[in-house]
Structure formats: structure tokens, C-alpha cells
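Reader: I am new to this structure and would like a close look at a single part of it. Please take one helix and describe what surrounds it.

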Amino acid sequence: MADAKGIELVQRLEDFAIAVIELTRGFPSTPEYWEIRRQMIRSSASIGANYVEARNARTRLEFFSCARISLREAAETAWWLHITRRISREPLGLRIDALLREVSEIVSIFGAITRKGRYRS
């Protein structure tokens, strides 16, 4: 059961990273958006990459260390989405709002995972 949930989360994180990449394709071609695009793609893809690494961890300590990195990357992605939301116009705004809701849930998931590790370690 736990493995099925883990696989489901991997897929969800992959879908999220792809949605972020697709969002950034609609960004204007200006220097500020180039940097935001680069940072947003990197941090959103890193959430899932670190979770996959956590799933392959050899120890509990290694698992929770990778999960904490996923949490930090999710928080960073939320930051870039908030910045982009403030400087962009519709229709990007509606897509950003949906991604902000998703990343908020992802932050909650990894927050719960890392809290669990903190109390059991």
C-alpha cells in the first residue's frame, strides 16, 4: 500500500514539473522571465528528483534528508510562482493559481513526511 502511494506521488510530482514547464513556455521573452523560467523549472523538477532519490535511500536518515530537500524545493517553486503571479497578466494568472494550489498541497505532503521523520529519529 505504501509503495502504491509512493508511486502515485512520483507521478503527481512528474505531472507538476511538466505543468510548470508548459507554463513557462508562455512566458514573455524578456530577461527577467528568462531567470524566473530557469529557476522555476529547476526547482519544480527537483522536487520529484529528490523524492525518487528518497525512495531509493539506504537508510531512514537518508530518506528524510532527501524528503527535506523536496520540501525546500517545493517552497522555492511556490516562491517563484508567487512572484510570477504578481508580475504577469491573464491568462497566465489562472494557470499559475492552479499550480499554486498544487504546490501548496505538495508542501503539505512533504511537511508531514519530514515531521514524521523528526519525531521518529
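**Helix H3 and its surroundings**

Author: The part chosen here is helix H3, and its buried residues are the place to start. In H3, the buried positions are Phe-64, Cys-66, Ala-67, Ser-70, Glu-73, Ala-74, Thr-77, Ala-78, Trp-80, Leu-81 and Thr-84. The model is a predicted one.

The helix itself covers residues 60–87, which is 28 residues. At 1.5 Å a residue it should span 40 Å, and its end C-alpha atoms are 41 Å apart, so the two values agree.

Some context on the chain helps in placing H3. The chain has four helices and zero strands, and along the sequence the pattern reads α-α-α-α. Its radius of gyration is 15 Å, close to the 14 Å from the globule rule for 121 residues, so the chain is as compact as a globular protein of that length. The C-alpha trace spans about 45 × 25 × 20 Å along its principal axes. Of the 121 residues, 39% count as buried. Among contacts between residues at least 6 apart in sequence, 72% join residues at least 24 apart.

As for confidence, the mean pLDDT of the chain is 92, and 94% of the residues score at least 70. Among the elements, H2 has the highest mean pLDDT, at 97, and H4 the lowest, at 90.

Now to the start of H3. Phe-63 and Phe-64 form an aromatic pair: the ring centres are 5.0 Å apart and the planes stand at 85°, so the pair is edge-to-face. Which of these two rings is buried, and which is partly exposed? Phe-64 counts as buried because its relative accessibility is 6%, under the 20% cut-off. Phe-63, at 23%, is partly exposed. Glu-62 also has a relative accessibility of 23% and counts as partly exposed. Its salt-bridge partner is Arg-58, with the closest N and O atoms 4.0 Å apart. Arg-58 is exposed, with a relative accessible area of 73%.

Further along is Ala-67, one of the buried residues of H3. Ala-67 can be set beside Gly-117: the two are 50 residues apart in sequence, while their C-alpha atoms are 9.4 Å apart in space. Gly-117 lies in helix H4, which covers residues 92–120. Gly-117 is buried, with a relative accessible area of 1%.

Next come Ser-70 and Glu-73, both in the buried set of H3. What touches them from another helix? Ser-46 touches Ser-70 and Glu-73, leaving aside residues up to four places away in sequence. Ser-46 lies in helix H2 and counts as buried at 15% relative accessibility.

Glu-73 has a further partner. The side chains of Arg-42 and Glu-73 meet in a salt bridge, at 3.3 Å from N to O. Arg-42 lies in helix H2 (residues 31–55) and Glu-73 in H3, so the pair ties together parts that are 31 residues apart in sequence. The two partners fall into separate exposure classes: Glu-73 is buried, at 13%, whereas Arg-42 counts as partly exposed, at 36%. Glu-73 thus takes part in a contact with Ser-46 and in a salt bridge with Arg-42.

Towards the other end of H3 is Arg-85. The side chains of Arg-85 and Asp-97 form a salt bridge, at 2.8 Å from N to O. This pair links distant parts of the chain, with Arg-85 in H3 and Asp-97 in H4, twelve residues apart. Arg-85 counts as partly exposed at 24% relative accessibility, and Asp-97 counts as partly exposed at 24%. Salt bridges with shared partners also join Arg-12, Glu-102 and Glu-105 into one network. The whole structure holds eight salt bridges.

Last, the aromatic pairs. A search of the whole structure finds three of them. One is Tyr-51 with Phe-110, whose ring centres are 5.6 Å apart and whose planes stand at 75°, so that pair is edge-to-face. It links distant parts of the chain, since Tyr-51 is in H2 and Phe-110 in H4, 59 residues apart. Tyr-51 is buried, with a relative accessible area of 7%, and Phe-110 is buried, with 0%.

Methods:
Residues are numbered from 1 along each chain as its sequence is written. This is a predicted model: local features need pLDDT of at least 70, side-chain atom pairs count only at pLDDT 80 or more; totals for chains, interfaces and linings use all residues. Side-chain values use heavy atoms; hydrogens and water are left out. Helices (H or I, at least four residues) and strands (E, at least two) are DSSP runs, numbered from the N terminus. Buried means under 20% relative accessible area, exposed over 50%, partly exposed in between (1.4 Å probe, protein chains only). The expected span of a helix is 1.5 Å times one less than its number of residues. Contact means heavy atoms within 4.5 Å. Rings of Phe, Tyr and Trp (its six-membered ring) pair if their centres lie within 6.5 Å; planes under 30 degrees apart count as stacked, over 60 as edge-to-face and the rest as tilted. pLDDT is the predictor's confidence in each residue, from 0 to 100. The radius of gyration is taken over C-alpha atoms; the globule rule is 2.2 Å times the number of residues to the power 0.38.
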